[in-house]
Amino acid sequence: MSSTNTFRITVFLSIIFLLGSMIGLVQTLPPTPDTTPTQPLALMTYNIYQGYTPEGAINLEAIRDTIVAGNADIIGLQECDTTRISSMNIDTILWLANELNMYSYYGPPSSEQIIGVALLSKYPIANATYHLLSHEELPRVLIEATVEVGATQLTVFVVHLGLSYVDRTTQAEEVMGIVNAAPFPKVLMGDFNTQPTGEPEPGVVSENDTIYEDISEHLNDTWTAAGNVLNPPEGFTWPSIGPYERIDYIWVSPDINVVSCWVISSALGSDHLPVVSTVELP
Amino acid sequence: MDGKGASVMTVQTQLSQRVFGDEGPVLLRDLVQPMMMTLFFLESLRVFIGQIYFQNLGAMAIGISVLYVFLLLSPIAVFILKRFGSFMLTIVTGMGIVALRLALPFVAGYASLALLVAGLLTAFYGVYLPSTMAINPVDYPTSIPSRSEMTVAGFALALACDIMFRALGATWDFTVGYSGILVSAVLSAVAFIVLCIVYKDNKGAVLEDAQFSEGMGSRLMIVFLGAGFGGFMFLVTSFFAYPSSVARWTGTDYETSLVMILIGTLLYAIVVHHPSFRCIMKRIDGVLVANAFLALAAADLILFHSPLAGIVAGLGSFVLLMDLGVLWSYLNRSGGRLSSSGIFHLIGMTFLLFFTLFFVLSFVAGQVLPALEGFSPYIVVLAFSLLILSSLLASPRLLTQEAVE
């Protein structure tokens with residue numbers, strides 16, 4: 001091997017880059033959070049808008065701060081990008097899990113060419129998988145995971161339904177088929193792109209859907225279960241500035257006791273506002 | 001070249017020579033400077049494409065800002081600016097890149113400004129790259145890798161440095177945000193000093209286009225190899241510079257991808273200094289075997305998503321850089337003219353633009369262009385195919401030229 005100065009400098013720089021990367025890698029090694037169960041358990045659902053604020057800045061620090069402010073233990077995230085250069089090649093879920101010292105699951109692999117959904121959890125994620133949903137417009141996914149909260153095996157689902165009437169109603173039906181087959185206790189959260197009244201969002205020509213009613217036959221909407229009225233302005237989650245729609249929900253199985261539910265209206269890291277529910281597991 | 005070179009050679013002791021010995025000018029001009037410029041390009045390209053995407057599709061509407069994509073086609077400017085000569089263009093665009101890189105973290109919170117600064121930086125690099133590849137120094141040492149090989153080593157080090165920054169930020173390059181202002185200032189200062197030394201040491205010590213006769217390359221060949229370069233750039237900026245992207249794409253772990261891609265990348269920068277490796281690079285059978293492996297790596301990335309995807313990607317990144325070495329060596333031997341280099345890099349950037357747009361849009365095809373749904377594997381196949389074919393096409397011609405010389 002040549003022992004020229006260019007070679008020596010190349011080797012020197014290589015060692016620097018290797019060591020620097022290893023330091024970075026050590027920081028992202030699997031988390032070791034305190035997994036002692038706390039009651040009540042705080043759940044959050046948050047659509048993070050592919051990593052951007054409504055103004056177009058990268059929003060991850062704001063998302064992290066919002067999750068910390070909500071004191072959330074288990075978080076369902078939608079519109080997560082982990083691969084594309086259009087989100088600056090940032091693996092949003094790896095970054096958030098690292099910053100929050102939480103376990104994570106993201107689905108599906110980006111080779112499915114879907115903007116995925118994710119789960120962050122203070123408690124270990126024992127099993128996790130994803131289900132691709134039928135679609136005419138954008139492909140959509142439901143993730144299913146078992147979270148070990150102490151001795152309790154909590155089944156958690158995270159989803160982002162389609163925008164069109166056909167897509168969201170078909171997908172909601174598929175989602176409930178999977179959710180109903182899962183063991184209790186269970187949580188379903190996400191961006192459902194439907195209002196509790198079933199009306200389409202203002203400006204969209206579409207039939208009213210019955211997604212809210214259909215899901216309510218099997219699961220409890222934590223917003224109303226916590227004593228809030230069905231569709232008040234303080235429950236609106238979209239857009240984050242001047243919201244006028246409630247389309248993000250946390251549903252729980254009837255064996256879970258809902259303590260409280262609120263929308264973090266000060267969160268400006270995304271075009272959605274997050275919903276937080278505190279619950280007591282059976 | 002030597003006769004003409006002697007007449008323009010400066011006899012004064014060069015600054016970089018006094019610090020780094022005989023190879024000082026080469027070290028700064030052909031390794032450190034391309035490394036810094038390529039690093040800045042990689043960083044700005046992410047911001048640039050990200051902002052175009054956000055301001056159009058992310059906001060669910062196509063706006064005027066989509067026209068910024070044409071800044072990627074900036075190599076076309078070398079045909080207008082070529083009278084300034086490749087060396088001056090390299091220095092001036094290099095200075096522009098440094099200034100814009102310094103500004104980048106300050107505009108991170110302002111989407112429109114970030115788009116403008118990142119777009120201009122990308123455009124400056126589009127002129128810088130063909131210009132620097134057309135520089136022909138008069139006194140290049142024969143004991144070290146050729147200029148084009150050295151520039152690829154600089155490119156590899158830039159990739160490794162970028163991987164390091166992103167690893168330190170858990171895949172977020174903190175140096176382009178507010179928290180990276182200090183690091184950006186240091187990087188920009190280093191790049192500025194390097195450019196100043198390179199300018200001082202090399203003015204009058206490079207051959208310009210007028211002093212060359214046309215080399216072996218045909219324009220058609222240059223166009224085809226430029227397409228291969230576009231394939232290379234797309235594969236690097238969508239996968240091989242991003243271990244997390246490879247891991248998420250294949251459903252494998254990030255740690256293995258990071259370590260293996262880093263090793264594959266750095267290994268190239270190191271072994272290119274070995275004469276035996278440089279011989280392999282010039283042998284058609286060596287290039288053939290390496291690219292046969294790259295085809296397998298492509299199949300794994302596109303179809304199989306094996307548990308070994310991280311390891312395969314690491315070895316693949318080595319071959320990718322080897323192919324870039326073949327393409328740039330061919331370009332260098334085709335006469336080293338600015339116009340050839342301009343065509344090569346213009347075609348390359350055009351392919352990078354289209355590959356990247358189609359790849360990004362294939363994720364949101366249902367909302368934008370349904371025909372693109374499920375399209376991304378085909379884009380990756382096309383990029384791999386163009387790179388492999390162009391490398392195989394260029395390799396035997398390099399050998400022929402070597403024999404003639």
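Is Asn89(A) buried or exposed, and how many other C-beta atoms lie within 10 Å? Asn89(A) is buried, with 27 other C-beta atoms within 10 Å. The legends below describe close-up views of a predicted model.

**Figure 1. Two asparagines of chain A with positive phi, Asn89(A) and Asn101(A).** Asn89(A), a residue other than glycine, has a positive phi near 55°, and its place is in the loop between β2 (74-80) and α3 (92-100) of chain A. Asn101(A), likewise not a glycine, has a positive phi of about 55° and is found in the loop between α3 and β3 of chain A. The surroundings of the two residues are described by their C-beta neighbours: Asn89(A) is buried, with 27 within 10 Å, whereas Asn101(A) counts as exposed, because 11 lie inside 10 Å.

**Figure 2. Cis peptide bonds preceding Pro40(A) and Pro108(A).** The bond that leads from Gln39(A) to Pro40(A) is cis, with omega near -5°, and Pro40(A) lies in the loop that runs between α1 and β1 (41-47) of chain A. A cis peptide bond is also found from Gly107(A) to Pro108(A), again with omega near -5°. Pro108(A) is placed in the loop between β3 (103-107) and β4 (116-121) of chain A.

**Figure 3. The contact between chain A and chain B.** Chain B contributes 60 residues to this contact, and chain A contributes 49 residues. On the side of chain B that touches chain A, the elements giving two or more residues are α3, α7 (147-168), α9 (219-240), α10 (243-250), α11 (254-271), α15 (338-361) and α16 (365-368) of chain B. The largest share of that side, 12 residues, is supplied by α3(B). Divided by class, the residues on the side of chain B that touches chain A are 33 nonpolar, 23 polar and four charged.

**Figure 4. Helix α1 (residues 5-27) of chain A against α7(B).** The axes of these helices come within 7 Å and cross at roughly 20°, which means that α1(A) is roughly parallel to α7(B). The crossing by which α1(A) passes α7(B) is left-handed. From α1(A) the contact includes Thr10(A), Leu13(A), Ser14(A), Phe17(A), Gly20(A) and Ile23(A), and from α7(B) it includes Met150(B), Leu157(B), Ala160(B), Met164(B) and Leu168(B). The contact of α1(A) with α7(B) comprises 13 nonpolar and six polar residues, with no charged residues.

**Figure 5. Surroundings of Leu168(B) and Ala160(B).** Leu168(B), in helix α7 of chain B, counts as buried because 20 C-beta neighbours lie inside 10 Å. Not counting residues up to four places away in sequence, Leu168(B) touches Gly20(A), Ile23(A) and Gly24(A). Leu168(B) and Glu43(B) are 125 residues apart in sequence, and their C-alpha atoms are 15 Å apart in space. Ala160(B), leaving aside its neighbours within four places in sequence, is in contact with Ser14(A) and Phe17(A) from chain A and with Leu262(B), Thr265(B) and Leu266(B) from chain B.

**Figure 6. The largest nonpolar core, with 226 residues.** Among the members of this core, Ala118(A), Ile143(A), Ala156(B), Ala160(B) and Leu235(B) touch the most other members. Helix α3 (residues 24-58) of chain B gives the most to the core, with 19 residues.

**Figure 7. Helix α5 (residues 86-103) and helix α6 (residues 111-133) within chain B.** The axes of the two helices come within 8 Å and cross at roughly 155°, which means that α5(B) is roughly antiparallel to α6(B). The crossing of α5(B) and α6(B) is left-handed. Residues in α5(B) that meet α6(B) include Leu89(B), Thr93(B), Gly96(B), Ile97(B) and Leu100(B), and those met in α6(B) include Val117(B), Leu121(B), Phe124(B), Tyr128(B) and Thr132(B). By class, the residues of the contact of α5(B) with α6(B) are 11 nonpolar, seven polar and one charged.

**Figure 8. Overall make-up of chain B, as context for the close-up views.** The secondary structure of chain B comprises 17 helices and two strands, and 61% of the 405 residues in the chain are buried. Of the contacts in chain B with a separation of 6 or more, 83% are between residues 24 or more positions apart.

Conventions. Residues are numbered from 1 along each chain as its sequence is written. Chains are lettered from A and ligands numbered from 1 in the order in which they are written. This is a predicted model: local features need pLDDT of at least 70, side-chain atom pairs count only at pLDDT 80 or more; totals for chains, interfaces and linings use all residues. A nonpolar core is a set of buried Ala, Val, Leu, Ile, Met, Phe, Trp, Tyr and Cys residues joined through C-beta atoms within 7 Å. A residue is buried if 20 or more other C-beta atoms lie within 10 Å of its own, exposed if 12 or fewer, and partly exposed in between; C-beta atoms are placed from the backbone. Helices (H or I, at least four residues) and strands (E, at least two) are DSSP runs, numbered from the N terminus. Two residues are in contact if their C-beta atoms, placed from the backbone, lie within 7 Å. Ala, Val, Leu, Ile, Met, Phe, Trp, Tyr, Cys and Pro count as nonpolar, Asp, Glu, Lys and Arg as charged, and the others, Gly among them, as polar. Axes are lines fitted to C-alpha atoms, for helices over the stretch in contact, and angles run from 0 to 180 degrees between N-to-C directions. Angles under 35 degrees count as roughly parallel, over 145 as roughly antiparallel, 65 to 115 as roughly perpendicular and the rest as oblique. A crossing is left-handed if the near helix is turned anticlockwise from the far one by less than a right angle, and right-handed if clockwise.
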